[in-house]
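Student: Let us go through this structure by question and answer. Please keep the replies short.

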Amino acid sequence: MNQKTLITSLLFLSFIFSATAQEIIAHRGYWKTDGSAQNSIAALMKADAIKAYGSEVDIWLSSDGVPVVNHDADVTLDGKKLLVQETPFATLRKMKLANGEPLPTVEEYLDAFEKCKNTKLIIEFKTHRTKEREDELAQKVIDMVHERGLQNRVEYISFGINFVAQVIKLDANAPVYYLNGDLSPRVIKSMGAFGIDYHHNVLKKNPQWVKESHDLGLKVNVWTVNSTEDINKMIDLNVDFITTDEPLLTEELINKRK
Ligand code: MG
């Protein structure tokens, strides 16, 4: 092999390795399938069964200090809307998910997650009314993850800058991403976060943020990408992770590029 061929081969190889395929994160677990429901334990186990890179889940702190799984800020019980963060766990427990499971605690979710073989758990801290409540939730959940020795299999995301700061303070090695879309990669880097996790419209408006992130050593995740057109656009942008309600479609579209 002469020198020119060698250099060409090395350049080709470095291109192949720099353009690695996207990883898939099942948004609220893999829930668009029989027997599943958003943020259910079944959705987590099904995300594991399809070998998603990650299974995302949303969490809150009940009024009496129990970390619980739910997406919305409120639940409707007996026709009444109750704010999750202002309701005791015993009341929240009466809520049933669409697949019949009771509203899970984070503890139960982690118990189930310990049995997963493939997926990581992507925990979204929902923003609360006070910093004190947020700090309590972050501390409790990170302690639970560490007690179980799961710290290499859990990542964190939040719209709340306080949560991002708390994760960095409590576990400097934990991957944590910011969701709100309003901060440049340079600012995210200076905060010590792992990367950006922005809505696909934010990345369409600021496509240069993908390369800027990569140049800074940050990762790029994007939510919640469900249509063929949008998934293809995000693959073209060379993001690292795609968070989606359609993990199988996303996998198919990623595999077409290989
Ligand atoms: Mg979420």
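Student: How much area does the chain expose, and what share of it do carbon and sulfur atoms supply?

Tutor: This is a predicted model, and the figures are computed from it. The exposed area of the chain is about 12500 Å². Carbon and sulfur atoms supply 54% of that area.

Student: What does the radius of gyration of the chain say about how compact it is?

Tutor: The chain has 11 helices and 11 strands. The globule rule gives 18 Å for 258 residues, and the chain is close to that, so it is as compact as a globular protein of that length. The radius of gyration is 19 Å.

Student: What percentage of the contacts with a separation of 6 or more is between residues 24 or more positions apart?

Tutor: Start with burial: of the 258 residues, 50% count as buried. Then take the contacts in the chain with a separation of 6 or more. Residues 24 or more positions apart account for 57% of them.

Student: How far apart are the centres of the positive and negative side chains?

Tutor: Two sets are compared, 31 positive and 36 negative side chains. Their centres lie apart by 3 Å.

Student: Which residues coordinate the magnesium ion?

Tutor: The coordination distances run from 2.0 to 2.1 Å. Along the chain, the donors follow the spacing E-x1-D-x65-E. They are Glu 56 (OE), Asp 58 (OD) and Glu 124 (OE).

Student: Which strands hold Asp 58 and Glu 124, and are these residues buried or exposed?

Tutor: Asp 58 is in strand 2 (residues 54-61) and Glu 124 in strand 6 (residues 120-125). The pair therefore ties together parts that are 66 residues apart in sequence. As for accessibility, Asp 58 and Glu 124 are both buried.

Student: Which elements are among those that cover the buried residues of helix 2?

Tutor: Helix 2 covers residues 41-49. Its buried residues are Ala 42, Ala 43, Leu 44, Ala 47 and Asp 48. Their cover includes strand 1 (23-26), strand 2, helix 4 (106-113) and strand 6.

Student: Which residues does Ser 36 contact, leaving aside its neighbours within four places in sequence?

Tutor: Ser 36 sits in the loop between strand 1 and helix 2. With 11% relative accessibility, Ser 36 falls under the 20% cut-off and counts as buried. Its contacts are Tyr 30, Trp 31, Ala 42, Ala 43, Lys 46 and Asn 99.

Student: What is the phi of Lys 51?

Tutor: Most residues other than glycine have a negative phi. Lys 51 lies in the loop between helix 2 and strand 2 and is exposed, at 61% relative accessible area. Its phi is positive, near 60°.

Student: And Asn 238: what is its phi?

Tutor: Asn 238 belongs to the loop between helix 10 (228-236) and strand 11 (241-244). Its relative accessible area is 27%, so Asn 238 is partly exposed. Although Asn 238 is not a glycine, its phi is positive, about 70°.

Student: How far is the C-alpha atom of Gly 149 from that of Glu 114?

Tutor: Gly 149 is placed in the loop between helix 5 (131-147) and strand 7 (154-158). With a relative accessible area of 51%, Gly 149 is over the 50% cut-off and therefore exposed. Glu 114 is 35 residues away along the chain, and the two C-alpha atoms are separated by 9.4 Å.

How values were computed: Residues are numbered from 1 along each chain as its sequence is written. This is a predicted model: local features need pLDDT of at least 70, side-chain atom pairs count only at pLDDT 80 or more; totals for chains, interfaces and linings use all residues. Side-chain values use heavy atoms; hydrogens and water are left out. Helices (H or I, at least four residues) and strands (E, at least two) are DSSP runs, numbered from the N terminus. The radius of gyration is taken over C-alpha atoms; the globule rule is 2.2 Å times the number of residues to the power 0.38. Buried means under 20% relative accessible area, exposed over 50%, partly exposed in between (1.4 Å probe, protein chains only). Contact means heavy atoms within 4.5 Å. Accessible areas come from the Shrake-Rupley method with a 1.4 Å probe; for residues, only the protein chains shown count as cover. Lys and Arg count as positive and Asp and Glu as negative; His and the chain ends are not counted. The place of a charge is taken as NZ of Lys, CZ of Arg, CG of Asp or CD of Glu. Donors are N, O and S atoms within 2.8 Å of the metal (3.2 Å for Na, K and Ca); water is not among the atoms, so sites may look incomplete.
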